[in-house]
Amino acid sequence: MPTSSASTNDSAKTANGGGGVQSLERAFDLLERMADAGGEVGLSELSASSGLPLPTIHRLMRTLVACGYVRQQPNRRYALGPRLIRLGESAARLLGTWARPYLARLVEETGETANMALLDGDEIVYVAQVPSKHSMRMFTEVGRRVLPHSTGVGKALLAGFPDDEVRALLARTGMPAATDKTITTPEGFLAALEDVRRLGYAVDDNEQEIGVRCLAVPVPDSPTTAAISISGPAGRVTEAATERIVPALQQVARELSAALATSVANGG
């Protein structure tokens, strides 16, 4: 029964002085630190960054390995485990569903297809889309993964990262050309990110697909790195239309940020 289970949990929490909750907080903190370090670390690195003693970290990691959330490599280092993928994909789907009303309003205000995307590792993954009502419209399959360097959302997301981290990401992914407009050099991409920081929005001008323009902004203070965008035919998403569309994008991004902050604060 849920009530008796809650009572049991509360009793256990009281009995151990909150140690179980503290262990849970520490375990999640270690997972976050592993993600920040690129997904693979040694125990001594975790101890140095977290300030926890090695025996405590070893005990927590042993539990996470047993649950499948961490795996131990042949070199004795620890890596994020495959069970996290399922959790992440489910959370991304729910986030996309939750964001759809905001994207729908963006479609009403701009007339173009609205998207939400996250940075997942070194790739961009689209988690939500509301299509334009025009007969000629852009369509990106939810769940589709693309490299950041050829997309507006990629630029919007990476503009918040230090240049050395961006260079490292580009070195890992390469910079293949999707069209003859795609930026294919780190220097060119870093210059584009400077434009994003200066202007407050990113542009994909025929770089992912010829004939398509995309405008994107990050969702500020999002608990996960997220961006929203609109995409449409280059003949409609013109320079003149940009002046009208960007403020709408920025307003919806602020509202999404506020809603996310409220949700996190309420634990929901």
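Colleague: Which residues touch the most other members of the largest nonpolar core?

Modeller: Happy to help! This is a predicted model in which local features need pLDDT of at least 70 and side-chain atom pairs count only at pLDDT 80 or more, while totals for chains, interfaces and linings use all residues. Numbering runs from 1 along each chain as its sequence is written, and side-chain values use heavy atoms, with hydrogens and water left out. A nonpolar core is a set of buried (under 20% relative accessible area, 1.4 Å probe, protein chains only) Ala, Val, Leu, Ile, Met, Phe, Trp, Tyr and Cys residues joined through side-chain atoms within 4.5 Å. Among the 31 residues of the largest one, the answer is Leu106, Met116, Leu215, Ile228 and Leu249.

Colleague: Which element gives the most to this core?

Modeller: Helices (H or I, at least four residues) and strands (E, at least two) are DSSP runs, numbered from the N terminus. Elements giving two or more residues include α5 (83–110), β4 (113–120) and α9 (239–265). With 10 residues, the top contributor is α9.

Colleague: Which strands stand at the edges of the open sheet?

Modeller: Strands pair if DSSP finds at least two bridges between them. The sheet has 3 strands in the order β1-β3-β2, with antiparallel pairing. Each edge strand has a single partner, so one side of each is left without a neighbour in the sheet: these are β1 (40–41) and β2 (70–72).

Colleague: Which residue stands opposite alanine 202?

Modeller: Ala202 is on the covered face of β7 (residues 202–205), along with Asp204. Strand β7 runs antiparallel to β8 (residues 212–218), joined by 4 bridges. In β8, the residue opposite is alanine 216.

Terms used. Buried means under 20% relative accessible area, exposed over 50%, partly exposed in between (1.4 Å probe, protein chains only).
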